[in-house]
Amino acid sequence: MNPSPAAPPSGFSAPPLLVLVGCACAISLITFGVRSIFGLFTDPVTETFGWTRETFAFAIALQNLMWGLTQPFAGALVDRYGPVRVLVTGAACYAAGLALMAVSASPLTLTLSAGVLVGIGMGGASFVTVLGALGKLMPASHRGWALGMGTAAGSLGQFLFAPLGQAFIAGYGWQTAALLLAGGVAMVLGLAFGVRGTPQTATVEQGTELTLRQTLCLAMRHPSYVYLLLGFSVCGFQLAFITVHLPPYLNDQGVDAAIAGWAIGAIGLANVLGAYAAGMLSTRLSQRGLLSFIYFARAVAIMLFMSFPITDASVLLFATAMGLLWLSTVPLTSGLVALMFGTRFMATLFGLIFLSHQVGSFFGVWLGGRLFELTASYQLVWWLTAALGAAAGLIHLPIRERPAPRPAAMLGAGG
């Protein structure tokens, strides 16, 4: 079993590895933390210019889509050139997008800055890139611990940056807050040079004699992989909708803006425990069953939240419950991909699943804004989000939790 993410493994004292993990965790904390608080800007930005929430939502929806489209290419560049160049380029785009967002005075410039440029930057400098780099650079004996630390750091970033971002907006205005956050992201330009080392030799596993093209063809014809694609798109829809539209929804309900910031932070803090627990339970229980449970539990949590009066206590309770169910899907989904197809092309196969997640994110953010403008309420989207959770729970039930069969003709082909 891999060492627990709670503490370094015994004998783990090589300074280069400590620097590598430390810099990787700092990057994950900053980039994921800033990414999680764009919803706090919804009302300040739209009220400044008299825009609709749909206008802001479309920019952030496009941001999610650009992140998903960029991520597979960023992973391929990491494989070819190493993580430093990719992280530096991504951080530069990310920081520039935030800075330009602060001076955006039209929907087009907002879409190009906060949407396109920040989205591309996230593809290069995000926790997904960091985890890919750690997987390649860490020795197998410490890899599980390092990946756990990288994931936990991202969740901790959400917990720290949500109230910090809200304090910046309240104290200095949203334009200055965006510039301050851009300065924080710019720190990644220096931290990136600590994420380097010698790639570890991959072990050869049964079934890895397939080429990338063959593996992709096999995956797309395998029903269980398709179910994972569909389920993870629902995950993206739910999480992106809540991240962006929960703060303005709470504002409509008369909840103090500070509580909205703490709600996003509570999601991040609970997420640390939820993701770790999911990883540990996956070694003892069915990963397919755990995924179904998570999606069903999200649906129940949303329905309960919408069925009772909105209070400060109910908001924080809902945020904590969703945090426990937030990124807990990641180790389970990636674990099933590895089980079905091995780890040789893991980055590519999970990258495609992450792309489906971001397509779902696009629709979750944009549709939230669109339906709000049509109905002057978020009620319909909340109930749609709950229904999709129930559907995702059902979709995961028929998944076959075993290696995908390799057709004999495919194994005998040379390329």
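**Aromatic pairs and empty spaces**

The structure holds 21 aromatic pairs. Keep in mind that this is a predicted model.

Take one pair to start. Phe49 and Trp51 have ring centres 4.4 Å apart and planes at 20°, so they are stacked. Stacked here needs planes under 30 degrees apart. Is Trp51 buried or exposed? Trp51 counts as buried, at 16% relative accessibility. Phe49 is partly exposed, with a relative accessible area of 29%.

Now a second pair, Phe318 and Trp382. This one is edge-to-face. The centres of Phe318 and Trp382 are 5.9 Å apart, with 75° between the planes. Phe318 sits in helix α14, residues 312–324, and Trp382 in helix α17, residues 379–396. The pair therefore ties together parts that are 64 residues apart in sequence. Phe318 is buried, at 5% relative accessible area. Trp382 is buried too, at 0%.

Which residues form one aromatic cluster? Phe241, Tyr249, Phe305, Phe318, Phe372, Tyr378 and Trp382 do. So both rings of our edge-to-face pair belong to that cluster. Phe372, another member, has a charged neighbour. Arg53 lies over the face of Phe372, 4.5 Å from the ring centre.

On to the empty space. Rolling a probe the size of a water molecule over the atoms shows where such space is left.

First, the cavities. The count is two cavities of 30 Å³ or more. The largest has a volume of about 50 Å³. Its lining includes Arg35, Ile60, Gln63, Asn64, Ala240 and Val244. Helices α3 (53–81) and α11 each supply at least two of the lining residues. By class, the lining of the largest cavity divides into five nonpolar, five polar and one charged.

The second largest cavity has a volume of about 40 Å³. Which helix gives the most to its lining? Helix α1, residues 15–35, with three residues. Among the lining residues are Arg35, Trp67, Tyr94 and Met122. Arg35 is in the lining of the largest cavity as well. Six residues around the second largest cavity are nonpolar, two polar and one charged.

Last, a pocket. The second largest pocket holds about 210 Å³ of space. It is lined by 15 residues, and Leu40, Asp43, Pro44, Asn251 and Ala257 are the closest to its centre. Four helices each supply at least two lining residues: α2 (42–49), α7 (140–172), α11 (223–252) and α12 (257–281). The lining of this pocket has nine nonpolar, four polar and two charged residues.

Terms used:
Residues numbered from 1 in each chain as written. Predicted model: local features only at pLDDT ≥ 70, side-chain atom pairs only at ≥ 80, totals over all residues. Heavy atoms only, no water. 1 Å grid on protein atoms, 1.4 Å probe; cavity = no way out; pocket = protein on both sides within 12 Å on 5 of 7 lines; lining within 4 Å. Points joined across faces, edges and corners; volume = space filled by probe spheres on them. Nonpolar A, V, L, I, M, F, W, Y, C, P; charged D, E, K, R; others polar. Phe/Tyr/Trp six-rings, centres within 6.5 Å; stacked < 30°, edge-to-face > 60°. Buried < 20%, exposed > 50% of the residue type's maximum accessible area, 1.4 Å probe, protein only. Lys NZ or Arg CZ within 6 Å of the ring centre and 35° of its normal.
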